[in-house]
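Here are some friendly notes to read alongside the structure. Keep the view open and turn it as you go through the points.

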Amino acid sequence: MTHYDDAYRSDGLVFDPAREPELFDGVLSKRFFACIVDAILIGVFLALAALVIFAIGVVTLGIGWFLFALPLFAIVALLYIALTLGGPKAATPGMRMMGVTIRSTDGQRIGPIIAAAHALIFWFSMSVLTPLVLLVGLFSNRKRLLQDMLLGTVILNNDPLVRTRR
């Protein structure tokens, strides 16, 4: 576990936007483009999963095609996010491409369970509250969205974290 000393804390915050604005510069737009990249990659993995199920159905003389009744998108997307966002690099491939990462508000990397919950809350809030829920990030000092606030996470630029070895 990583513990951050007082050099990086300000008023109890590990990531203070007043002291380290470079951590939050352009995060919302980077998140948007990362989401598009990740949606494309999830679509590719979804197509691969459908091909595998189709092949299983051919081999099992049609019995395997009952797997198409599963919520395939939800399974593929949750596995993708849980394994990448909750993994050791703490970022999906789209987030890594855009140079952002996720941390808990105390500075720790999140695990697969929190990552999956992050995705589920995002999908639920987008379906219930429409894209207006994204406006929350414009008024948050740390550019956090609703799911970040509920789970105690924050999205940061990766380069400043690497430079300070955090």
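The points below start with the whole chain and then turn to one helix, its partner and one residue of a strand.

1. **The model.** Please keep in mind that this is a predicted model. The chain has 166 residues, and 39% of them are buried. Along the principal axes, the C-alpha atoms fill a box of roughly 65 × 35 × 25 Å.

2. **The order of elements.** How many helices and strands does the chain have? There are 7 helices and 2 strands. Starting at the N terminus, you can follow them as α-α-α-β-α-α-α-β-α.

3. **Contacts along the chain.** Take the contacts in the chain whose separation is 6 or more: residues 24 or more positions apart make up 64% of these.

4. **Helix α4.** Now find residues 112-129, which form the 18 residues of α4. From first C-alpha to last, this helix reaches 25 Å, close to the 26 Å expected at 1.5 Å a residue. Just after α4 comes Thr-130, with a positive phi near 60 degrees.

5. **The buried side of the story.** Which residues of α4 are buried? They are Ala-115, Ala-116, His-118, Ala-119 and Ser-125. These buried residues pack against three helices and both strands by name: α1 (27-59), α2 (72-84) and α6 (146-151), along with β1 (100-104) and β2 (153-157).

6. **How α2 meets α4.** The axes of α2 and α4 are 8 Å apart, and the two helices pack at an angle of about 130 degrees. That angle is why α2 counts as oblique to α4. Their crossing is right-handed.

7. **The residues in between.** On the α2 side, look for Phe-73, Ala-77, Leu-78, Ile-81 and Ala-82. They meet Pro-112, Ala-115, Ala-116, Ala-119, Leu-120 and Trp-123 of α4. Sorted by class, this contact has 11 nonpolar residues, with no polar and no charged ones. Ala-115, Ala-116 and Ala-119 are worth a second look, since you met them among the buried residues of α4.

8. **Thr-153.** Is Thr-153 buried or exposed? This residue lies in strand β2. Its relative accessible area is 1%, so Thr-153 is buried, the cut-off being under 20%. Leaving out residues up to four places away in sequence, Thr-153 touches Ile-102, Arg-103, Ser-104, Thr-105, Ile-110, Ile-114, His-118, Arg-144, Gln-147 and Asp-148. One of these, His-118, is a buried residue of α4, which brings you back to the helix in point 4.

Terms used
Residues are numbered from 1 along each chain as its sequence is written. This is a predicted model: local features need pLDDT of at least 70, side-chain atom pairs count only at pLDDT 80 or more; totals for chains, interfaces and linings use all residues. Side-chain values use heavy atoms; hydrogens and water are left out. Helices (H or I, at least four residues) and strands (E, at least two) are DSSP runs, numbered from the N terminus. The expected span of a helix is 1.5 Å times one less than its number of residues. Buried means under 20% relative accessible area, exposed over 50%, partly exposed in between (1.4 Å probe, protein chains only). Contact means heavy atoms within 4.5 Å. Axes are lines fitted to C-alpha atoms, for helices over the stretch in contact, and angles run from 0 to 180 degrees between N-to-C directions. Angles under 35 degrees count as roughly parallel, over 145 as roughly antiparallel, 65 to 115 as roughly perpendicular and the rest as oblique. A crossing is left-handed if the near helix is turned anticlockwise from the far one by less than a right angle, and right-handed if clockwise. Ala, Val, Leu, Ile, Met, Phe, Trp, Tyr, Cys and Pro count as nonpolar, Asp, Glu, Lys and Arg as charged, and the others, Gly among them, as polar.
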